[in-house]
Amino acid sequence: MVEHFGDDSKKSAHTELGSLSDFGISLVDSALARPYNATIGTIAPKIDLSKDYNHNSYAAKIGDFGGTAVDVVVLSKFAGAGVSKALGTGAESGLISASLAENRLFSSTLSLSTTGALYGGVFTPGSFQDRLKNATIDAATFGVMGAASTQLGRVGFLGSPGSRTFMQEMGLGALSGAPGGIVNAEVTSLVNGRGLTFDAGTLGKSALYYGAFGAAMGGIGHGVAKGSEMARSWWTNSSADAGSRTAPTEAVDGVSGPKSAPAKFNIPETGNIELGSMMRDLSPADQIRLVQEVVKSRPSVPVGSWMRLIGAEEMPNFLRATDQLFPTTALDTANFLVESRNMRPPTSDSPPVDFTGWERAIEMVKAEKIEVAHAAGGTAGLAAFSVMQSRQSNDFDTTVQPLNRSRTDAIRREIQPENNHANQRGAAPASQPVWKESLADKLRRVSPGTPESEWIIKR
């Protein structure tokens with residue numbers, strides 16, 4: 001169990017240096033045997049390693065410390081994913097607001113509170129009363145650590161999520177752990193019926209212990225993330241090499257890729273869809289099909305909510321897919337979200353949105369569209385491109401709709417008379433390119449006071 005300061009029931013005897021055996025067995029006991037005994041061991045034979053090493057040795061204490069940190073880091077990954085899905089489902093069903101579901105401070109605090117409650121109440125052996133106490137103490141401790149890590153993560157020298165070095169992760173963990181240690185000492189004293197403790201020695205020891213524990217969590221988490229990234233990269237490269245040796249290629253929607261049977265996608269009806277992760281190992285053609293199927297399955301989800309999940313390599317195919325679905329508005333909407341920098345990472349642990357990558361991808365896909373228009377046959381191609389542009393006013397109600405309906409009607413009335421007047425005075429025939437103001441620019445000009453956050457992308 002994580003050390004609880006202020007609990008006088010755990011007094012250690014004389015401490016020895018210990019051996020490598022003490023360290024190894026203690027590590028296994030803490031990381032594997034103890035969680036097993038607290039769960040499966042309640043109905044199956046227990047694993048008892050308590051007599052195989054010297055609990056009072058420094059080696060055993062370090063092993064116990066490391067095993068606990070590994071358990072908490074691994075558990076936090078599952079708890080974080082579960083909390084993220086729950087918040088997404090709650091926002092979709094209207095139980096909580098979308099802004100609350102996307103709030104990094106709230107999600108980080110809730111994720112680590114859940115981690116602490118699970119570790120103390122489920123994976124730590126003890127009576128029901130002991131488990132309840134441990135769950136309360138650990139939920140408070142790790143919840144504060146989660147909140148502190150989000151706030152401290154904004155400090156420049158600690159880097160940004162997804163790009164921190166090993167030392168930056170450890171530094172952030174250490175600084176976040178100190179306030180968690182203070183809370184741990186106070187809550188431990190409270191649940192044991194002694195009221196708040198203001199003993200400087202107890203608070204200081206607890207802050208130091210959890211500072212070290214937070215540093216260990218940061219280091220282990222960094223190692224796990226880098227290891228997963230290397231494994232995924234190796235698997236992707238191995239698959240690509242195998243595919244390049246055996247599979248012929250074909251061009252689909254302007255994108256070359258291995259010729260194979262279309263992939264089948266498992267798109268959940270509710271909860272979060274990790275679109276970026278789902279796209280990562282697919283062929284270009286399947287990436288486009290996946291995006292289109294996902295967008296169609298969730299017509300009420302704003303495009304920005306999908307864009308923030310997409311990695312740099314998948315950005316062009318995401319834009320190609322959405323542009324095929326909504327050729328008059330998709331690129332304008334994406335460009336506006338990127339220009340306004342109005343996208344946030346889905347969780348506190350997610351890397352920041354790569355706006356530079358999105359700018360490059362948008363320019364790439366726009367250039368492709370212009371090239372296709374020219375290749376379609378000179379003036380005829382430009383005419384087709386101008387018709388596509390002019391359809392923006394007709395698609396208004398099904399693409400971008402401010403919450404203020406009267407403002408919507410005002411904009412629509414302004415757009416339509418312009419078109420009618422042009423027809424009455426003898427506008428250029430369809431074979432001539434007629435360039436019109438984009439819908440996004442029209443909204444910015446006519447309704448400057450409407451925050452873009454109040455625009456809803458309708459599918």
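## Nonpolar cores

A nonpolar core is a set of buried Ala, Val, Leu, Ile, Met, Phe, Trp, Tyr and Cys residues joined through side-chain atoms within 4.5 Å. In this predicted model, the largest such core has 33 residues. Leu275, Trp306, Met307, Phe318, Leu319, Met343 and Trp358 have the most contacts inside this core. Two or more residues each come from α8 (275–280), α9 (284–297), α10 (303–307), α11 (315–325), α12 (330–339) and α13 (355–375). A second, separate core has 14 residues, among them Val72, Val73, Tyr119 and Met217. In soluble globular proteins, nonpolar side chains tend to be buried together.

Met343 belongs to the larger core. Apart from neighbours within four places in sequence, Met343 is in contact with Gly304, Met307, Arg308, Leu337, Val338, Val353, Phe355 and Trp358. Helix α11 is mostly covered, with 9 of its 11 residues buried. The buried residues of α11 are Met315, Pro316, Asn317, Phe318, Leu319, Arg320, Ala321, Thr322 and Asp323.

## Aromatic pairs

The structure holds 7 aromatic pairs. In one of them, Phe65 and Phe213 meet edge-to-face, at 5.5 Å centre to centre and with 80 degrees between the planes. Phe65 lies in helix α2 (residues 58–93) and Phe213 in helix α7 (residues 200–246), so this pair ties together parts that are 148 residues apart in sequence. Phe213 is buried, at 0% relative accessibility.

Phe213 also pairs with Tyr209: the ring centres are 6.4 Å apart and the planes are at 15 degrees, so this pair is stacked. Both residues lie in helix α7, 4 residues apart, about one turn of the helix. Tyr209 counts as buried because its relative accessibility is 17%, under the 20% cut-off. Ring pairs link Phe65, Phe142, Tyr209, Tyr210 and Phe213 into a cluster.

## Salt bridges

There are 6 salt bridges in the count. Helix α9 holds Asp286 and Arg289, 3 residues apart, about one turn of the helix. Their side chains meet in a salt bridge of 3.2 Å, N to O. Arg289 also meets Glu293 in a salt bridge, at 3.3 Å, N to O. Arg289 and Glu293 are 4 residues apart in helix α9. Salt bridges thus link Asp286, Arg289 and Glu293 in a network. Within this network, Asp286 is buried at 8% relative accessibility, whereas Arg289 is partly exposed at 27% and Glu293 is partly exposed at 33%.

Another salt bridge joins Arg341 and Glu359, whose closest N and O atoms are 3.2 Å apart. Arg341 lies in the loop between α12 and α13 and Glu359 in helix α13, so the pair ties together parts that are 18 residues apart in sequence. Arg341 is partly exposed at 40% relative accessibility, and Glu359 is partly exposed at 34%.

## The surface and the start of the chain

Leu20, Phe23 and Ile62 form a nonpolar patch on the surface, with about 320 Å² of accessible area together. Leu20 lies in helix α1 (residues 20–38). With a relative accessible area of 72%, Leu20 is exposed.

Glu16 lies in the segment before α1 and is partly exposed, at 42% relative accessibility. The C-alpha atoms of Glu16 and Asn56 are separated by 6.5 Å, although these residues are 40 residues apart along the chain. Not counting residues up to four places away in sequence, Glu16 touches Asn54, Asn56, Ser57 and Tyr58.

How values were computed:
Residues numbered from 1 in each chain as written. Predicted model: local features only at pLDDT ≥ 70, side-chain atom pairs only at ≥ 80, totals over all residues. Heavy atoms only, no water. Patch = residues over 30% accessible without salt bridge, like charges linked within 9 Å, V, L, I, M, F, W, Y side chains within 5 Å. Areas by Shrake-Rupley, 256 points an atom, 1.4 Å probe, with all protein chains shown as cover. Salt bridge = Lys/Arg side-chain N within 4 Å of Asp/Glu carboxyl O. Buried < 20%, exposed > 50% of the residue type's maximum accessible area, 1.4 Å probe, protein only. Phe/Tyr/Trp six-rings, centres within 6.5 Å; stacked < 30°, edge-to-face > 60°. Contact = heavy atoms within 4.5 Å.
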